[in-house]
Amino acid sequence: MAKVYQLEVYGPYTQANFDAVAHSLLFADSIQPVFTQTEGGSNNRNIIVTSGVESSEPAPNVYELLADDSQSETAIDIATGKFVEGNLIAVMCTTAEAQEDMRNFVTYFATSGDIHLHIGVCNTTQSQDYTPGIVANNRVIKMMTPQQVKSLAL
């Protein structure tokens, strides 16, 4: 089964908070979106993530652990900072930015605002002549090259 946790999807993640869950999102066995309402009228968009992978960063108060089996998750601490076509990417950005610079992506809509969680593949390469909007707008991001993914042998 791996680790199962609930995470609210909201725009103002810090890079440190995003780093704590990004690897598990990139290699999730499943991500199930859910909508919750509290008695006080608060509406939240959450995702239920099942993943046998976790980031090596600590994740205090970032997600709510729902279940965990007795097997250890694979801890990953590798990433790339280069926006290159073909990289696996998880990012909090606008849908317009994702449509411009990503392909084969899934959008998980945030509770409010226009910054959503997108998981997919980089469709462009940053160069001297082109800076992707995701990079230009300093979005919280986690990327891995195909070679890094292959080296994990997951």
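Here are some exercises with worked solutions on this protein, which is a predicted model.

**Exercise 1. Work out how many helices and strands the protein has, and in what pattern they follow along the sequence.**

Start by counting: the secondary structure comes to four helices and ten strands. Next, read along the sequence, and you get the pattern β-α-β-β-β-β-β-β-α-β-β-α-β-α.

**Exercise 2. Check the radius of gyration of the protein against that of a compact globule.**

Step one: for 154 residues, a compact globule would have a radius of gyration near 15 Å. Step two: the protein has 15 Å, so the value agrees with the rule. To add some dimensions, the C-alpha trace spans about 50 × 40 × 25 Å along its principal axes.

Now look at what is covered and what is not. Buried residues make up 43% of the 154 residues. The accessible surface is about 8,200 Å², and carbon and sulfur atoms account for 47% of that. Finally, take the contacts between residues at least 6 apart in sequence: 67% of them join residues at least 24 apart.

**Exercise 3. Find the residues that touch the most other members of the largest nonpolar core, and the elements that build this core.**

The core has 26 residues, and those touching the most other members are Phe 18, Leu 25, Ile 47, Met 92, Leu 117 and Ile 119. Then ask which elements give two or more residues: they are strand S1 (3-8), helix H1 (15-26), strand S3 (43-51), strand S7 (88-93) and S9. H1 gives the most, with six residues.

Let's zoom in on Ile 47. Skip residues up to four places away in sequence, and Ile 47 still touches Tyr 5, Gln 6, Leu 7, Val 9, Leu 25, Ile 31, Gln 32, Pro 33, Tyr 108 and Leu 117.

There's also a second, separate core of ten residues, and its members include Val 91, Cys 93, Met 102 and Cys 122.

**Exercise 4. Decide why Cys 93 and Cys 122 form no bond with each other.**

A disulfide needs two cysteine sulfur atoms within 2.5 Å. The closest cysteine sulfur to that of Cys 93 is in Cys 122, but it is 10 Å away, so it is too far for a bond. Cys 122 is likewise in no disulfide, and the count for the protein comes to zero.

Are the two cysteines buried or exposed? Cys 93 has 0% relative accessibility, so it counts as buried. Cys 122 is buried too, because its relative accessible area is 0%.

**Exercise 5. Describe the surroundings of Thr 124.**

First, place it: Thr 124 sits in the loop between strand S9 (116-122) and helix H3 (133-136). Its relative accessibility is 15%, so Thr 124 counts as buried; the cut-off is under 20%.

Next, list the contacts. Leaving aside neighbours within four places in sequence, Thr 124 is in contact with Phe 83, Val 84, Glu 85, Glu 100, Asp 101, Tyr 130 and Pro 132. With Asp 101 there is a polar contact of 3.0 Å between the side chains.

**Exercise 6. Look up phi for Asn 104 and Asn 138, then say where each residue lies.**

Asn 104 isn't a glycine, yet its phi is positive, at about 50 degrees. It is found in strand S8 (residues 102-108), and at 65% relative accessibility it counts as exposed.

Asn 138 also has a positive phi, near 50 degrees. This residue lies in the loop between H3 and strand S10 (141-144). Its relative accessible area is 69%, so Asn 138 is exposed.

Technical notes:
Residues numbered from 1 in each chain as written. Predicted model: local features only at pLDDT ≥ 70, side-chain atom pairs only at ≥ 80, totals over all residues. Heavy atoms only, no water. Buried < 20%, exposed > 50% of the residue type's maximum accessible area, 1.4 Å probe, protein only. Polar contact = N/O pair within 3.5 Å; in protein donor to acceptor, adjacent residues only side chain to side chain. Contact = heavy atoms within 4.5 Å. Core = buried A, V, L, I, M, F, W, Y, C linked by side-chain atoms within 4.5 Å. Rg over C-alpha atoms; globule rule 2.2 N^0.38 Å. Areas by Shrake-Rupley, 256 points an atom, 1.4 Å probe, with all protein chains shown as cover.
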